[in-house]
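Let's take a walk through this protein together, starting from one helix and working outward. Have the viewer open as you read.

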Amino acid sequence: METLQTFLNGFNNKMKELYTDVTEASWMAQTTGDPEWAGKLAEAGTKMSLLFSSKETFEKAKQFLTTENVTEIEKRQLQLLLNNMEANQLPEDVIADLAKRSSELNLLFNTYSPEVDGKKYSANDIRDVLLNSDDQELRKKVWFASKEVGKVVEKDLLELVKKRNEAAKLLGYDNHHQMGFALQELDRDEVFAIFNDLIEQSDEAYRTMKSELDERLANKFGISPEDIRPWHYVDPFFQEAPPSDSTNLDRFYKGKDVLQITTDTFNSLGINIDDLYEKSDLFPREKKNPTAFCMDMNREGDVRVLCNLVEDAYWMETNLHEFGHAAYFKYANASLPFVLRTASHTLTTESIAMLFGKMGKDPRWLKRFLQVDEATVDAITPELEKFQQLQMLIQARWIITFVFFEKELYENPDQDLNALWWKTVNEIQLVTPPDTTDNPDWAAKIHFTLAPVYYQNYLLGELMAAQVLRHVETKISPEFFTKETGEMLINEFFKPAALYNWNEKISRITGEQLNPAHFVEVYCKTQVKN
């Protein structure tokens, strides 16, 4: 009879073999643009999916979990294995149908280009107009155009939502949303309670700062604040705070080596990441992915970052973010079983990446690593702090809007979703709807299609980042960039990898489970007008 240790060893070895095939094909596809590698990636991904859809393996894992004398490390492996496998315990035709529907919708998103006055507008074109144009009529047309894809995908997306619900019911869940939270080790009631509490605790600060923003925009466009509509903001979904001249730090990067600054930042903590540059792909060139990501190739130290670095603040912050991910992956304990040699949760690796990415606007970092003179930094610090607060409040409200709506979407996809969307946007983001709210504007957000029940992790990651930073500043060193901080991150956050679930990890480090009070203290205080 197969023993638990034999079972786990066999699964870990098989997963390692298939995982490295997937990552190699994915890396090559993203860095070469060669269709051959895209085909190899699909083939490798299918083999990995088959491993996680094996009913025999799933039943064995469940049986082993109920036996006596299971060690904590064995139990954790079985729990993660079951979480990853459960959603795949469906008939093959159901899995294939869901994948096909999602792929077809993705193609619609990628190939649809709205037109305004006979001109096609890409996502970057739309962003450029909303960032820079003073032409209110053009802004309005472009904003409506950005939502047109919602009409294109609505019917098929709603059908996909219902098919996902049917699949979840086959696995014993009420709907796909409930299943998504359970398999991510998230307590849905707890997360929604946290988000509702954030709305309440941030309300005064958010209303004050958004009112000031609306007044500034009203002055800019020569209208009254009551006439501000969605197209007056810089993002189609009001996800971002508009930058100002003083918070645009690009001028400090001319002639600076973004990569060396990244090295210096992490070295100050005793975290060495410059050995990862050789296999990474960090500068712009043709036929590579134009965005940024980090990939752990083999969970044995081969960690790579793809970036497209230029000398500006955006790419500096992006590089710090991605090498935050990279440090986490690099320092995972290599002696752990393969299935545990990764982040304990998406939100834990996002929290580290967010923690480092935000350093690009931290006055202490600007002085020490970008070497901006003290008088200049001191002069812009109040505006930087205010911008960061507004950005985090806007981002938090947007994420909560998405998350609350998505729950309703899966619980009742036949309700009037278009009206519900604008009711939610108005109540949480305080954005006045357009005159017409009977269009599926919500469906223009690709995450409903490609990343269902995922969006909450962005805000949970921010909450964890705030808690880690507060722990460092109060218990380790008021100065973040010290060897002591680095030792804590390496030994207590990175090395345990996925040995503990996300809430136990943060509790072991800071002495308490995830507590939004730290985020509230930093970002939800009311700014006093000058």
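**Around helix H18**

The buried residues of helix H18 pack against four helices: H11 (313-330), H12 (346-357), H17 (456-476) and H19 (502-510). Keep in mind as you look that this is a predicted model. Helix H18 itself covers residues 483-494, and its buried residues are Thr 485, Gly 486, Met 488, Leu 489, Ile 490, Phe 493 and Phe 494.

Let's stay with Phe 494 for a moment. Leaving aside residues up to four places away in sequence, Phe 494 touches Ile 271, Ala 327, Tyr 328, Tyr 331, Ala 332, Ile 352 and Leu 489. Phe 494 also belongs to the largest nonpolar core, which has 132 residues. Within this core, Phe 494 is among the residues that touch the most other members, together with Phe 195, Ile 271, Trp 365 and Trp 442. Helix H14 (residues 374-411) supplies the largest share of this core, with 18 residues. Apart from this core there is another one, of 25 residues, including Leu 4, Leu 81, Leu 82 and Phe 338. In soluble globular proteins, nonpolar side chains tend to be buried together.

Now for a contrast: is Gln 371 buried or exposed? Gln 371 has a relative accessibility of 64%, which is over the 50% cut-off, so this residue counts as exposed. You will find Gln 371 in the loop between helix H13 (363-368) and helix H14. The C-alpha atom of Gln 371 is 9.9 Å from that of Ile 261, although the two residues are 110 positions apart along the chain.

Finally, step back to view the whole chain. Its secondary structure comprises 20 helices and 4 strands. The radius of gyration is 24 Å, close to the 24 Å that the globule rule gives for 530 residues, so the chain is as compact as a globular protein of that length. Along the principal axes, the C-alpha trace spans about 80 × 55 × 45 Å.

Of the 530 residues, 54% are buried. Among contacts with a separation of 6 or more, 76% join residues 24 or more positions apart. On the outside, the protein chain exposes about 23,700 Å², with carbon and sulfur atoms supplying 48% of that area. As for charge, the chain carries 59 positive and 86 negative charges, and the mean positions of the two sets are 1 Å apart.

Methods. Residues are numbered from 1 along each chain as its sequence is written. This is a predicted model: local features need pLDDT of at least 70, side-chain atom pairs count only at pLDDT 80 or more; totals for chains, interfaces and linings use all residues. Side-chain values use heavy atoms; hydrogens and water are left out. A nonpolar core is a set of buried Ala, Val, Leu, Ile, Met, Phe, Trp, Tyr and Cys residues joined through side-chain atoms within 4.5 Å. Buried means under 20% relative accessible area, exposed over 50%, partly exposed in between (1.4 Å probe, protein chains only). Helices (H or I, at least four residues) and strands (E, at least two) are DSSP runs, numbered from the N terminus. Contact means heavy atoms within 4.5 Å. The radius of gyration is taken over C-alpha atoms; the globule rule is 2.2 Å times the number of residues to the power 0.38. Accessible areas come from the Shrake-Rupley method with a 1.4 Å probe; for residues, only the protein chains shown count as cover. Lys and Arg count as positive and Asp and Glu as negative; His and the chain ends are not counted. The place of a charge is taken as NZ of Lys, CZ of Arg, CG of Asp or CD of Glu.
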